[in-house]
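Let's take a walk through this structure and look at how its charged side chains are placed. Have the 3D view open as you read.

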Amino acid sequence: MKPLLNTLYVQAQGSYLRLDHETLKLEVERKLVGQVPLQHIGGMVVFGNVMVSPFLMHRFGDDGRSLVWMSQAGRFKCRLSGPVTGNVLLRKAQYTAQSEPTAAFHIARNIVAGKVKNSRTVVQRAAREAEDAADRVALEEASTFLAASLRAAGRARSLDEVRGVEGRAGRVYFEVFGRMVRMNRDAFVFNGRNRRPPRDRVNALLSFVYALVRGDCVAACEGVGLDPQFGYLHALRSGRPSLALDLMEELRPVIADRLVLSLINRQQLSGRDFEPRPGGSVNLTEPGRKTVLAAYQSRKQKETTHPVIGQSVPLGLVPHLQARLLARHLRGDSAAYLPFTPK
Amino acid sequence: MPGGWAEEELVMISALEHYSYCPRQCALIHVEHVYDENLYTLRGTRAHTRAHDENESGSEEGVRIERGMPLFSERLGLIGKSDIVEFGPDETPFPIEYKVGPRKENHHDDLQLCAQALCLEEMFGGGVPAGAVFHHSSRRRREVVFTEGLRRETEEAVGRVREMILASEVPPPVADARCPKCSLFDACMPFTLAQMDVKAGLARLFDPER
Ligand code: SF4
């Protein structure tokens with residue numbers, strides 16, 4: 001149990017969380033192993049077999065704190081939802097933007113540009129650090145391609161065009177992703193992105209970290225009163241948090257991909273932190289997940305300069321800030337949505 | 001609910017204080033229903049819950065005390081709740097507003113208190129010449145006299161708040177010294193919005209070299 005930027009992650013299997021006055025208590029086998037004042041907690045994510053007392057759930061619901069259940073392996077399962085509140089005018093603006101072709105298109109375009117720009121930063125950095133000449137050349141080529149994608153996003157005139165730019169940029173990015181792995185290359189072979197289920201260690205790691213970022217983006221949307229299901233870049237589909245996924249795009253390279261690469265390249269994870277499952281899929285082991293969670297939490301505390309705000313903020317707050325910026329744009333306070341593109 | 005007004009036309013007394021502090025703050029709360037709980041507002045709510053507790057109403061030294069009395073004015077389309085109203089031996093109501101936390105500009109309190117007085121005059125059919133603001137931290141009472149000027153100003157403010165809410169208008173941030181003390185600072189982003197150069201931001205976004 002570790003509080004971070006007021007999100008609490010609990011993954012001690014068989015543990016029990018309860019509310020004692022204004023304090024949240026964690027028990028394992030009826031023994032108190034941790035406690036945090038409720039006041040310090042904005043939300044909670046629990047993994048696998050973690051029990052939560054009804055009164056604690058009621059309190060979270062009343063206060064609008066988020067409570068998310070993940071499988072032990074980190075797959076999103078469900079979320080507590082309190083009474084529907086929030087800003088009905090903001091939601092209306094959010095829905096209306098969909099039917100105003102230029103509004104939705106501009107938001108989607110800027111998000112894609114943010115993603116491409118941030119992906120390129122990751123690739124450029126890896127190119128500088130590459131030891132192998134062939135890797136460097138491939139990474140530099142990818143960087144050139146991504147620069148062209150960025151300009152293409154700026155010239156795009158329709159949502160379809162924007163999605164096309166994103167698709168091509170994503171393909172090129174993941175084609176060179178394996179070249180950014182510098183250590184332990186035998187264990188961390190990467191031949192393109194696969195999910196559902198992930199079939200190699202890098203994909204297992206990416207999926208796990210993306211699930212964490214996605215949870216934070218859903219919470220960020222809800223925190224500012226946006227409907228996480230109603231997005232612009234991602235097509236609407238029942239049960240899919242399209243807006244949270246939109247918000248996540250620009251953050252993937254900065255928050256998730258860099259974390260995945262540094263976990264491998266700093267050898268914080270080894271092949272033994274993963275286990276093969278029957279039928280060819282791969283999972284993180286429990287110690288492996290612990291390592292990732294700790295690294296994710298400390299990455300979220302890292303301060304970074306936000307180019308739009310011109311101010312230093314912890315990375316973990318960025319999804320919330322971006323959700324706010326989007327909300328303010330939808331309500332007409334600013335002329336465009338500007339994604340988070342750190343230098 | 002007072003007759004003659006549609007539900008959405010009614011103005012809450014508390015909105016006047018918000019409006020006089022910052023029109024955008026008023027709009028964020030009463031138009032957008034944004035309400036960020038921070039420590040300051042949480043503490044405020046608790047103290048208010050006590051002040052509003054109707055069970056604690058009673059008599060002290062010939063002065064009858066009513067807590068949490070619903071207030072309304074048909075004429076102004078105004079609704080709210082009092083913290084405390086004292087009724088002296090001659091039954092003249094004397095509204096008292098509880099304040100917790102750092103002292104703000106007095107004038108915002110005066111406006112809110114005056115609105116309570118206008119309601120009380122209509123409800124009890126007599127004059128309400130004065131009231132007081134009670135500061136929880138210093139335990140001091142500051143008396144407020146409801147002058148003609150203050151009354152006029154209060155009535156005008158009610159009209160302006162109503163217009164703003166009906167038009168679902170959210171004015172731009174004031175982005176000044178009020179903001180750092182404002183409980184809606186995070187939701188409002190006053191300085192970010194004021195300083196944000198969207199054109200430059202977009203130019204940078206699509207430029208791979210910047
Ligand atoms: S932060 Fe400033 S502009 Fe925004 S509501 Fe508060 S006082 Fe008004």
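We start with a pair inside chain A: A:Asp333 and A:Arg328 are both buried, where buried means under 20% relative accessible area, exposed means over 50%, and partly exposed is in between (1.4 Å probe, protein chains only). These two form a salt bridge, with their closest N and O atoms 2.6 Å apart. That term stands for a side-chain nitrogen of Lys or Arg within 4 Å of a carboxyl oxygen of Asp or Glu.

A quick word on ground rules. This is a predicted model, so local features need pLDDT of at least 70 and side-chain atom pairs count only at pLDDT 80 or more, while totals for chains, interfaces and linings use all residues. Residues are numbered from 1 along each chain as its sequence is written, chains are lettered from A and ligands numbered from 1 in the order in which they are written, and side-chain values use heavy atoms, leaving out hydrogens and water.

Over all chains, the count comes to 25 salt bridges. Here are some of them:

| Acidic partner | Basic partner | Closest N to O |
|---|---|---|
| A:Asp333 | A:Arg328 | 2.6 Å |
| A:Glu249 | A:Arg252 | 3.2 Å |
| B:Glu66 | B:Arg64 | 3.2 Å |
| B:Glu209 | A:Arg120 | 3.6 Å |

How exposed is B:Glu66? With a relative accessible area of 26%, B:Glu66 is partly exposed, and B:Arg64 is partly exposed too, at 30%. In chain A, by contrast, A:Glu249 is buried at 3%, and A:Arg252 counts as buried at 16%. A:Glu249 and A:Arg252 sit in helix α7 of chain A, 3 residues apart, about one turn of the helix.

Now for a charged residue without such a partner. A:Asp273 is buried yet has no salt bridge, and the nearest side chain of opposite charge, A:Arg272, is 7.0 Å away. (Lys and Arg count as positive and Asp and Glu as negative; His and the chain ends are not counted.) The backbone nitrogen of A:Ser270, though, lies 2.9 Å from a polar atom of the A:Asp273 side chain.

Finally, look at where the chains meet. The contact (heavy atoms within 4.5 Å) takes 31 residues from chain A and 26 residues from chain B. Between chain A and chain B there are 2 salt bridges, one of them joining B:Glu209 to A:Arg120.

Technical notes
A polar contact is a pair of N or O atoms within 3.5 Å; within protein, one must be able to donate a hydrogen and the other to accept it, and residues adjacent in sequence count only if both atoms are side-chain atoms. Helices (H or I, at least four residues) and strands (E, at least two) are DSSP runs, numbered from the N terminus.
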